[in-house]
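Biologist: I would like a close look at a single part of this model, and I would be glad if you explained each term as you go.

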There are 2 protein chains.
Amino acid sequence: MLDRIRIVLIGTSHPGNIGGTARAMHNMGLADLALVSPRCEVVTADSVSRASGADALVHQARVVDSLEDAVSDCSLVVGASARSRTLPWPMITPRELGARLPKELAQPQARIALVFGREDSGLSNAELQRCHAHVHIPTNPDFSSLNLAAAVQVLAYECRLSWIEQPDAAPEQSDEELSQPLATHEELEHYFAHLERTLVGIGFHDPATPRQLMARLRRMTLRSRPERMELNILRGILSATEKATGQKSLGGRTGNSSCDAEDDAPHK
Amino acid sequence: MLDRIRIVLIGTSHPGNIGGTARAMHNMGLADLALVSPRCEVVTADSVSRASGADALVHQARVVDSLEDAVSDCSLVVGASARSRTLPWPMITPRELGARLPKELAQPQARIALVFGREDSGLSNAELQRCHAHVHIPTNPDFSSLNLAAAVQVLAYECRLSWIEQPDAAPEQSDEELSQPLATHEELEHYFAHLERTLVGIGFHDPATPRQLMARLRRMTLRSRPERMELNILRGILSATEKATGQKSLGGRTGNSSCDAEDDAPHK
């Protein structure tokens with residue numbers, strides 16, 4: 001899908017912006033860059049430097065004379081625009097653009113162009129009127145002019161998100177986090193019992209006047225959804241505390257038979 | 001809401017990226033920029049040129065020596081990161097970050113920091129472990145290194161969308177939970193320092209062979225987003241442990257002057 005989204009820059013003045021655009025595109029998995037009548041050299045030290053490894057896109061960019069030439073094979077042409085001009089045009093947000101992409105690109109031959117104007121004056125009215133829709137990146141009304149490569153970055157980011165969120169897109173690798181088993185209820189209860197004994201032992205807690213102490217500690221601990229390995233560390237700390245204060249580690253290890261030996265041991 | 005979101009750049013090498021960051025921020029309505037130990041001059045022809053009218057943010061940027069100094073008053077610290085390292089940390093997408101902002105900023109004194117690392121090496125593990133969560137901008141796996149200002153642009157864009165989409169900026173009805181002030185970064189760091197001293201004192205931890213102990217304890221604690229009052233209880237437990245084991249409670253209460261006396265006292 002991403003290989004059928006073209007970025008079109010019209011009348012760009014600064015080679016650095018072409019390089020920055022190439023980098024933003026490659027970062028997001030886009031590769032098709034067309035330059036309409038650039039007002040600067042395309043391949044320069046500055047464009048290659050800003051491309052920062054994505055200079056292949058600069059070298060391969062297609063340079064053409066007119067917007068027509070750049071988008072003739074596209075089934076959807078969207079122009080990046082500030083607020084709409086004299087003639088209101090269908091205006092979408094970058095997020096709405098992203099939401100439309102899968103459907104727009106459902107047919108294998110479909111191609112989309114995202115068109116960006118000049119650094120100083122944007123797209124002309126004639127150019128805007130060649131677009132199916134205009135996309136406006138929300139900005140601070142007091143300072144609304146985005147850097148060209150930054151504008152490309154935002155739209156390319158929305159394209160990538162749209163692609164990732166597609167049902168049959170390549171699955172992102174799953175969070176490692178989730179592969180760690182969480183502590184069971186039983187393990188948590190053994191921990192809380194151990195914690196309370198230890199707090200009594202060090203003179204911090206008196207069950208006769210409990211106030212809300214254990215409740216508060218429970219709430220905080222449960223909120224963090226501890227993994228089994230983390231709970232083992234906490235129990236190790238309690239046992240070390242009991243040992244250091246000369247308490248008998250009464251059943252300190254009860255119900256903890258499933259401890260991961262590596263992390264149950266004192267950390268030293 | 002946007003005025004309570006801080007962008008923190010650590011060890012930036014290129015003035016142009018500081019300027020580009022300032023422009024991206026101002027475009028999206030952010031204004032609070034902190035620079036931790038920049039490895040370049042901040043105000044240069046290049047940074048002012050790339051700021052392109054947002055150079056006030058460059059001039060006003062706060063330059064500090066450490067991440068601590070930059071985020072001490074923040075209730076949520078999110079680090080921009082590539083995929084998770086040795087120790088998996090809570091990882092969110094830029095969009096999830098945006099979705100969380102209204103709730104995170106519901107309390108008027110709440111502040112959020114978004115932290116970005118060096119152009120060449122990102123954030124260190126120590127820096128990442130000072131964050132509540134990491135945010136990963138989805139990128140092309142074959143070319144994943146975003147330009148610094150481009151990364152700021154994407155997250156700032158999500159911040160702005162989140163703000164725009166707020167229903168009337170009407171503060172969410174607060175969960176009971178939210179009516180309790182969360183611990184600040186600084187309070188958390190005092191707690192972690194105190195915890196580490198205590199673990200050394202009871203013979204559980206040897207800083208010479210730290211393994212991942214403190215990192216694991218940090219991760220679990222930060223995940224639970226402790227309230228100030230809860231942290232005071234934990235510090236009270238540490239002090240009681242030190243007392244019970246005959247350790248000197250060296251600076252155990254440093255930086256804890258704002259303790260709620262009721263809950264800081266031993267619970268007995």
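What percentage of the contacts in chain A with a separation of 6 or more do residues 24 or more positions apart account for? After that, please look closely at the side of chain A that touches chain B.

Modeller: This is a predicted model, in which local features need pLDDT of at least 70, side-chain atom pairs count only at pLDDT 80 or more, and totals for chains, interfaces and linings use all residues, while side-chain values use heavy atoms and leave out hydrogens and water. Residues are numbered from 1 along each chain as its sequence is written, with chains lettered from A and ligands numbered from 1 in the order in which they are written.

To take your question first, residues 24 or more positions apart account for 80% of the contacts in chain A with a separation of 6 or more, where contact means heavy atoms within 4.5 Å. Chain A has 268 residues, of which 50% are buried, a word that stands for under 20% relative accessible area, with over 50% called exposed and anything in between partly exposed (1.4 Å probe, protein chains only). Its secondary structure comes to 11 helices and 7 strands, which are DSSP runs numbered from the N terminus (helices are H or I, at least four residues; strands are E, at least two).

Turning to the part you asked about, 70 residues of chain A are in contact with 72 residues of chain B. The area buried between the two chains is about 6300 Å², and carbon and sulfur atoms give 57% of that area; buried area is the accessible area (1.4 Å probe) that two parts lose on being put together, summed over both.

Across this interface the rule finds 8 salt bridges, each being a side-chain nitrogen of Lys or Arg within 4 Å of a carboxyl oxygen of Asp or Glu. In one of them, Glu230(A) is joined to Arg223(B), and the closest N and O atoms are 2.8 Å apart. On the side of chain A that touches chain B, at least two residues come from each of helices H1 (15–28), H2 (45–51), H5 (94–104), H7 (148–165), H9 (213–223), H10 (228–244) and H11 (261–264) of chain A. The residues of that side divide into 29 nonpolar, 20 polar and 21 charged, where Ala, Val, Leu, Ile, Met, Phe, Trp, Tyr, Cys and Pro count as nonpolar, Asp, Glu, Lys and Arg as charged, and the others, Gly among them, as polar.
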